[in-house]
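Here are some notes to read alongside the model, written as numbered points. I hope they help you find your way around it.

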Amino acid sequence: MIKKALSLLLVITLFNSCEDENQKRFVGKSSGNINSVVVVSDNLLWDGKVGDAIRDVLAAPVEGLSNEEPQFTMSQMPTQVFSGFAKKNRTVLKIEKGKEAATKIAKDAYATPQTMVVISGQTNAEIIAEIKANAPKIVDAFKKTEITERQRRTSKSLFNDAQLEKQLGVSLKFPSAYRIAKSDGDFFWIRRDIETGNVDLMVYEVPLSSIRKGDSTVLDVIKVRDSIGKIHIEGALEGSFMGTDQHFTPFISEAIVDNKPAFETKGLWDLKNAFMSGPFINYAIEDKVNDRYVVIEGYVFAPSVQKRDYVFELESIIKSLRIK
């Protein structure tokens, strides 16, 4: 009898353990618009200096746009109503006052995929200090989640990139809504028409010697893109071609694409001898094996509308590039 009782107890324990694990493992799908963050915070904190610190980080202007647009669109809700469907948001920033000062990043806590940043502190000053000290980490966590989500949505209907692989030795995941408008040797012009203009990509290669590392890097990147624009991207007016807007200083930083070092440049393009302009995002990816840089650039022409999400779509496509 004792043996049977112990066996039964063991079975019940195992069943309950499995049930607990399954409850943790099976969470619902997350939801939310791209680049939208839900901030869970008491109203007094949100309306005060803690809210100001959050806005300074998450609503900071996107680099490289002609007009200011925030990195993320935020919506705030009080802690007491953060339940049910509200917990399914893909990106969440939660403020917890009265606890030890800390910044924690939780993955898939209430939905999948989900990134929840929890910032705590005994006082407002401690919470603000945590926000400021961890700002780059917070932005990076949310941005990586949104890039992955944007790529997931793109993967539902992909363009056949066989031509790119054959001529340039690269693969690129971009939606079937785009088309190859021009293929000239090692240069590709890929376009998508939108209601107010177009969202385009250029992919090409240049020798490693074309872009030097150091103080002259940004000058070399601009020189390369301007020479390519003059040859391949002509405007409707005779003598017009794409160049870099000289009135706007480009932002340049180091990045990683396909586990390879790259230069990321953001700025404004314009059509020389015409009246068109917009933002661009350019990546020069080092391919030492083939003694070249693979350059991939996205740019937007969309007058009078916000361009953040178009540029973000292009960035997510660019970061899907793989060198074969």
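1. Let's begin with R150, which belongs to helix α5. This is a predicted model, so please take every value below as computed from it. Once neighbours within four places in sequence are set aside, the contacts of R150 are I34, F312, E313 and S316. The C-alpha atoms of R150 and I317 are 8.6 Å apart, although 167 residues separate the two in sequence.

2. Several of those partners lead us to α8, which spans residues 308-318. How many of the 11 residues of α8 are buried? The count is nine, and the helix is mostly covered. Among the buried residues are F312, E313 and S316, the three that R150 touches. I317 is buried in α8 too. The buried list also holds charged side chains to look at, including R308 and E315, next to residues such as V311, L314 and I318.

3. Just ahead of α8 there is a backbone detail to check. S304 sits in the loop between β16 and α8, and its phi is near 70°, a positive value in a residue other than glycine. Is S304 buried or exposed? S304 is exposed, because its relative accessible area is 80% and the cut-off for that class is over 50%.

4. A second positive phi belongs to D291, with a value near 55°, again in a residue other than glycine. D291 is placed in the loop between β15 (277-287) and β16 (292-301). If you compare backbone angles with your own calculations, D291 and S304 are two entries to look up.

5. One peptide bond also deserves a look: the bond from T112 to P113 is cis, with omega near -10°. P113 lies in the loop that joins β6 (111-112) to β7 (115-121).

6. Now for the rings. The model holds nine aromatic pairs. In one of them, F159 and F174, the ring centres are 4.9 Å apart and the planes meet at 20°, so the pair is stacked. F159 is in the loop between α5 (135-154) and α6 (162-168), while F174 is in the loop between β8 (170-171) and β9 (179-184), so the pair ties together parts that are 15 residues apart in sequence.

7. What is the arrangement of the rings of F174 and Y178? Their centres are 6.2 Å apart and their planes are at 80°, so this pair is edge-to-face. F159, F174 and Y178 form one aromatic cluster. As for cover, F174 has 0% relative accessibility and counts as buried, and Y178 is buried at 2%. F159, at 24%, is partly exposed; the limit for buried is under 20%.

8. Two arginines are placed over aromatic rings. R225 lies over the face of F280, 4.0 Å from the ring centre. The charged end of R55 sits over the ring of W46, at 4.6 Å from its centre. If you care about cation and ring geometry, R225 with F280 and R55 with W46 are the pairs to open.

9. S209 offers a contrast to the R150 and I317 pair. S209 is in the loop between β11 (197-207) and α7 (217-232). With a relative accessible area of 65%, S209 is exposed. The C-alpha atoms of S209 and R90 are 43 Å apart, with their places 119 residues apart along the chain.

10. Finally, the whole chain. The protein chain has eight helices and 17 strands, and its C-alpha atoms fill a box of roughly 90 × 50 × 40 Å along the principal axes. Of its 324 residues, 47% are buried. Among contacts with a separation of 6 or more, 59% are between residues 24 or more positions apart.

11. A last word on surface and charge. The accessible surface of the protein chain is about 17,200 Å², and carbon and sulfur atoms hold 54% of that area. How far apart are the mean positions of the positive and negative charges? The distance is 7 Å, for 44 positive and 43 negative charges.

Definitions and conventions:
Residues numbered from 1 in each chain as written. Heavy atoms only, no water. Helix = DSSP H or I, 4+ residues; strand = E, 2+ residues; numbered from the N terminus. Buried < 20%, exposed > 50% of the residue type's maximum accessible area, 1.4 Å probe, protein only. Contact = heavy atoms within 4.5 Å. Areas by Shrake-Rupley, 256 points an atom, 1.4 Å probe, with all protein chains shown as cover. Lys, Arg positive; Asp, Glu negative; His and termini not counted. Charge placed at Lys NZ, Arg CZ, Asp CG, Glu CD. Phe/Tyr/Trp six-rings, centres within 6.5 Å; stacked < 30°, edge-to-face > 60°. Lys NZ or Arg CZ within 6 Å of the ring centre and 35° of its normal.
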